[in-house]
Every structure is written in C-alpha cells, then in structure tokens.
Amino acid sequence: MEGNLIKINKWLYPVSWIYGTGVWLRNKLFDWGIYKERKFDIPIISVGNITVGGTGKTPHTEYLIRLLQKDYKVAVLSRGYKRKSKGFVLARPDTSVQMIGDEPFQMKQKFPDIHMAVDRDRCHGIEQLCNSHIAPGTEVIILDDAFQHRYVKPGINILLVDYHRLICEDTLLPAGRMREPENGKSRAHIVIVTKCPKDITPMNLRVLSKQMELYPYQQLYFTTLAYGKLHPLFTAGNAVSLKEIEKDKHILLVTGIASPAKLIQDLSPYNEHIESLAFSDHHDFTARDMELIKKRFMKLPEGKRMIITTEKDSVRLAAHPLMDETLKPYIYMLPIEVAFLQDQQELFNSNITDYVRKNSRNSNFS
C-alpha cells in the first residue's frame, strides 16, 4: 500500500506470540461468558482501534459530537490517559488538563455543552453519566478508545484503521503495533479506514475494501484528514491557512502524537523548510523539553520562523508554566477534522442518528 508506515521487528516475534496467547485467552473468556459484557439502556457508541495510537480517534469522536449535539445531550467518556487524577472525574469549566488528560480537555474546550468525563472503569463511568444528579440530561454516550474494553457492550462499535498501517499487514505487539489479532475486527459494526489520501482512486478503494475482508453485517467507510486554519496559540492575531504560509518560512513542528510522519507528509507540499521535534504520544513536557524547543527554534533564521503544533499538544503547551515568553508570538495550533470520501457522509450520519433515535430512552422503539 502506498504510504505504508509499518515497521515489523521480526526478532520480537516470540514475545508477540506470548502476548497473543494472553489476548486470545482474554477474548475467549468474554466469548464464553466467563467475563461478563454489560449492556446499558442508553445509546452508547464506542470509537477505538486495535493498534497502538495514531488512528484519529479524537477527530472522529469530535465528528460524532458535532453530529449529535444539536439534537441530544451528549456525554463523552474517556480513560483520561496520563492524567494526574484517579477514579471518575466530570469536567467543569475550570477543570485543568492535568485532571482529565489532553484529549478530553481539548474536547471540553471545543464543546463546552457536553458532559466530558474520565474513568478507567468504563462501566462505573457510564453509571455516573446516567445519574441525573451528576450529569443531568445525558441522552447518548460516546466511549473514546474503548474497543478493547469489553466489559461494556456498546450499541455501535466503531473500529478505526490507519490507511498507512493496515491491520491486515501489521502484527501483534511488540513486534508490530497491534493490541490484538486482526480477527478482533469482527466485533465492529462499523470500520473506518482513516487518513486516506484525498486523491485516492476508486480502484484503490476497491482494493482496500477487499483487503479488509469484512463480514456482511459490517459497514466500511473511508475518511481523510482535513486541516483547518492555523490559530495563534497565545496572541490575538488572525488565523492563516496553510496555503498562506510564506514559502521561505522555516517551521519547527512540535508534536507529542503517536504518528507524526503522516502530519509531516501532509505539511510538506505547503513548505519545504520543516524541522520536526517529535516527542512520545501524550508527552508531559519537562523543563528540559521546553529548553530544547526554544533552542531548536532559535536556530531557525530570524524573521522567517514559526512553531506549529497539534491541538492535542497545544492544550499542554498553553498551560505550561515554563513556556518562554519570547516564543509565544510564534506558536500556532493546527486543528484537524475528518472528511468522508465517496460521498459516504450522509449514509454514515443516518446510520448513527437512526441508532440513537431508535434507542433513546424517550423513543417509542425502546
């Protein structure tokens, strides 16, 4: 597949076999009913993957929020990876990024009217969101990154697969990046191949469809990334499109995401002077990191330099107490959304809204 970013560490295959045995046994315990899956009497949509990071969970979750929030009171439940709190936390207007994690904080900032909560125990979290004294009016719950959390049985299970890292070509951790074998995709009601090239041909989409080998009960969609305008992170300046960046501008791309290579690829047509400073996913920036960012930025040509970071990274950088004042005017945040290919958006939207309507507590279909 064009743009394949898969790297297999074959020498780790023996460890992957041991890991795979454990995953197989866990899934069988659920299949046999020894471990119990729990249903809830409220529409629940799960968005997740079977690979480690980088499939676009947050922009797809945000797409669902935009789709549903005009008609329903939406709640989003996440684990809150790398947060500094424990247990169930319902985000308030003054809740910090440290309390709920970067992605939940980002979603709460963008969609202040939703209930945004974090809880490692998803069943407990759902119970809290269904409690009218804690989260009044909840009508639909979106589970962020919960494909492996089988203690909850969602009404719609959405599996995201990175176009550049197809599960049919990857392998189990630690040799590859898969959390469970490919056949785990059978639990999905909807499979979305994400990060597809905007100019992908119908022939390539047919090849992709065949490669995915889905069952008749599963629906397959394709999405691509759509980048918004760059927004100044600290100043009140105007937003600028990627096309408006001067060709002689030197860019320091600061990321703490799972797959920065795709972002670099996408930015390259707009500017050839891109220097990447990549940290691990959900990275907690240290004092040394902040010094490194400044050092790398100061090496760029004066008067022709800027820093671009992702939305997820921007929430941690904006709140960082050691952010250097001299850098603030040069830092821009790049928002990311998703767009459906092949005119699939209307069909996808209908499938989601029909499910929520028919399973609503106030529906005659309930």
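## Salt bridges, a sheet and a cavity

Asp313 and Arg316 join their side chains in a salt bridge, with 2.7 Å from N to O. A salt bridge here is a side-chain nitrogen of Lys or Arg within 4 Å of a carboxyl oxygen of Asp or Glu. The two residues are three apart in helix H9, so about one helical turn separates Asp313 from Arg316. Asp313 and Arg316 are both buried, where buried means under 20% relative accessible area, exposed means over 50%, and partly exposed lies in between (1.4 Å probe, protein chains only).

The model is predicted: local features need pLDDT of at least 70 and side-chain atom pairs count only at pLDDT 80 or more, while totals for chains, interfaces and linings use all residues. Residues are numbered from 1 along each chain as its sequence is written, and side-chain values use heavy atoms, with hydrogens and water left out.

**Helix H9 and the salt bridges**

Helices (H or I, at least four residues) and strands (E, at least two) are DSSP runs numbered from the N terminus. Helix H9 covers residues 311-318, and seven of its eight residues are buried, so the rest of the structure largely encloses this helix. The buried residues of H9 are Glu311, Lys312, Asp313, Ser314, Val315, Arg316 and Leu317.

Side chains of opposite charge can pair when their charged atoms come close. By the rule above, the structure has 23 salt bridges. Three of the pairs are set out here.

| Pair | N to O distance |
|---|---|
| Asp313 and Arg316 | 2.7 Å |
| Asp281 and Lys312 | 2.5 Å |
| Glu180 and Arg187 | 2.8 Å |

In the second pair, Asp281 sits in the loop between strand E11 (274-278) and helix H8 (287-298) while Lys312 belongs to helix H9, so the salt bridge ties together parts that are 31 residues apart in sequence. Asp281 is partly exposed, with a relative accessible area of 22%, whereas Lys312 is buried at 10%. In the third pair, Glu180 is buried with a relative accessible area of 2%, and Arg187 also counts as buried, at 18%.

**The sheet**

Nine strands make an open sheet of mixed pairing, in the order E3-E4-E2-E5-E1-E6-E7-E8-E14. Two strands pair if DSSP finds at least two bridges between them. At the edges are strand E3 (89-90) and strand E14 (336-340), each of which pairs on one side only. Strand E2 (residues 74-78) runs parallel to strand E5 (residues 140-144), and four bridges link them. One bridge partner is Leu143 in E5, which faces Leu77.

Helix H10 (residues 345-359) packs on this sheet and touches strands E1 (44-48), E5, E6 (156-162), E7 (190-194), E8 (219-227) and E14. Contact means heavy atoms within 4.5 Å. The direction of H10 makes about 150° with that of E6; axes are lines fitted to C-alpha atoms, for helices over the stretch in contact, and angles run from 0 to 180 degrees between N-to-C directions.

**The largest cavity**

On a 1 Å grid over the protein atoms alone, a cavity is a set of points where a 1.4 Å probe fits but cannot get out, and lining residues have an atom within 4 Å of a point. Grid points are joined across faces, edges and corners, and a volume is the space filled by probe spheres set on the points. The structure holds three cavities of 30 Å³ or more, and the largest has about 50 Å³ of space. Val47, His60, Tyr63, Leu64, Ile158, Leu160, Ile192, Phe340 and Phe348 line the largest cavity. Helix H2 (57-68) and E6 are the elements that give two or more residues to this lining. The largest share, three residues, comes from H2.

Note on methods
1 Å grid on protein atoms, 1.4 Å probe; cavity = no way out; pocket = protein on both sides within 12 Å on 5 of 7 lines; lining within 4 Å.
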